[in-house]
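Colleague: I would like a close look at a single part of this model, explained slowly enough for a first-year student. Please take one helix and then follow its contacts outward.

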Amino acid sequence: LSTRRGEPEMDDCLETLKDEEEALWENVECNRHMLSRYINPAKLTPYLRQCKVIDEQDEDEVLNSLMLPSKINRAGRLLDILHTKGQRGYVVFLESLEFYYPELYKLVTGKEPTRRFSTIWRRGTKLQQQVKTKDMQRCDLLAKSRQLEDERKQLKLNKIELMTFQERYNKMKEERNNYNDELVKVKDENYNLAMRYAQLSDEKSMAVMRSRDLQLEVREMLWVSLISSSNGGC
């Protein structure tokens, strides 16, 4: 019997909560046209996601769906999604309005925005921006590190290539020096041959002249002999 009595009480409690949630959202729905007209969903979704009221899929649908061609359509869809999140969605939505759209916050709640929330949110946003900046700097440093590593590898390859060229140059220089030595040797041999040829030419010329002199002497001796023979016969 106690269980049966508890079930209606639980149902009544749930019904009361639903009524309270609907009452909360009634203020939003009453100003739906104004909210949809002036709200830029892209400004609110980062905070709503941070508070885990919407997820990445919800954000992508609101911001990128082809079925929502205008900003008013996207803002209306965001309100529909938040409505399904109950009281939590309502509270976080008001917090985002309080920071980004204080006039709309006042329109919905009838209250002035509190500076305390704005200050905390600004600090949180500033910290997020600092973290984002640090992440970007870290990415830049990683990119520069990779670039320096690539340049180091390229310099190493260039050094190896330069050493290869240096070895080839030294080898060619050594071969050239060897060829120069051979050339000097050949020149010396050619010079010696030329000198020997000149010497032989001189000796040949002297031999020819000596042969002519001998022929003249032989002729003179024959001539003298003939004359002597002729005189003796007379």
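**A helix with two sides**

Modeller: On one side of helix α4, the residues Glu56, Gln57 and Asn64 are exposed. Before going further, please keep in mind that this is a predicted model. The buried residues of α4 are Asp58, Glu59 and Val62, and, when one looks down the axis of α4, these buried residues fall within an arc of 95 degrees, so they line one face of the helix. The exposed residues Glu56, Gln57 and Asn64 are on the other side.

Glu59 deserves a longer look, since α4 counts this residue among its buried ones. Its relative accessibility is 14%, and a residue is called buried when that value is under 20%. Glu59 also forms a salt bridge with Arg49, in which the closest N and O atoms are 2.9 Å apart. Arg49 lies in helix α3, which covers residues 41–50, while Glu59 belongs to helix α4, residues 56–64, so the pair ties together parts that are ten residues apart in sequence. The two partners can also be set side by side by their accessibility: Glu59 counts as buried, whereas Arg49, at 36% relative accessibility, counts as partly exposed. As a general point, side chains of opposite charge can pair when their charged atoms come close.

The structure holds seven salt bridges, and another of them can be read in the manner just used for α3 and α4. Arg32 forms a salt bridge with Asp80, with the closest N and O atoms 2.7 Å apart. Arg32 lies in helix α2 (residues 32–38) and Asp80 in helix α5 (residues 71–83), so this pair ties together parts that are 48 residues apart in sequence. Arg32 has a relative accessible area of 23% and is partly exposed, and Asp80, at 31% relative accessibility, also counts as partly exposed. Arg32 and Asp80 are, moreover, linked with Glu29 in a network of salt bridges.

A salt bridge can also sit within one helix, as the pair Arg152 and Glu149 shows, both being in helix α8. The closest N and O atoms of Arg152 and Glu149 are 2.7 Å apart, and the two residues, three apart in α8, are separated by about one helical turn. Arg152 is partly exposed, with a relative accessible area of 45%, and Glu149 counts as partly exposed as well, at 30%.

Helix α8 covers residues 115–233 and includes Asp188. Asp188 is partly exposed, with a relative accessible area of 44%, and it gathers with Asp181, Glu182 and Glu189 in a patch of negative charge on the surface. Another surface patch is nonpolar, with an area of about 430 Å², and is made by Trp223, Val224, Leu226 and Ile227. Of these residues, Leu226 lies in helix α8 and is exposed, with a relative accessible area of 53%.

For a contrast with Leu226, turn to Ser96, which is found in helix α6, residues 86–100. Ser96 counts as buried, at 2% relative accessibility. The C-alpha atoms of Ser96 and Thr45 are separated by 9.0 Å, although the two residues are 51 residues apart along the chain.

To return to α4, its buried residues line one face, and one of them, Glu59, is joined by a salt bridge to Arg49.

Note on methods
Residues numbered from 1 in each chain as written. Predicted model: local features only at pLDDT ≥ 70, side-chain atom pairs only at ≥ 80, totals over all residues. Heavy atoms only, no water. Patch = residues over 30% accessible without salt bridge, like charges linked within 9 Å, V, L, I, M, F, W, Y side chains within 5 Å. Areas by Shrake-Rupley, 256 points an atom, 1.4 Å probe, with all protein chains shown as cover. Salt bridge = Lys/Arg side-chain N within 4 Å of Asp/Glu carboxyl O. Lys, Arg positive; Asp, Glu negative; His and termini not counted. Charge placed at Lys NZ, Arg CZ, Asp CG, Glu CD. Helix = DSSP H or I, 4+ residues; strand = E, 2+ residues; numbered from the N terminus. Buried < 20%, exposed > 50% of the residue type's maximum accessible area, 1.4 Å probe, protein only. Arc of directions from axis to C-beta.
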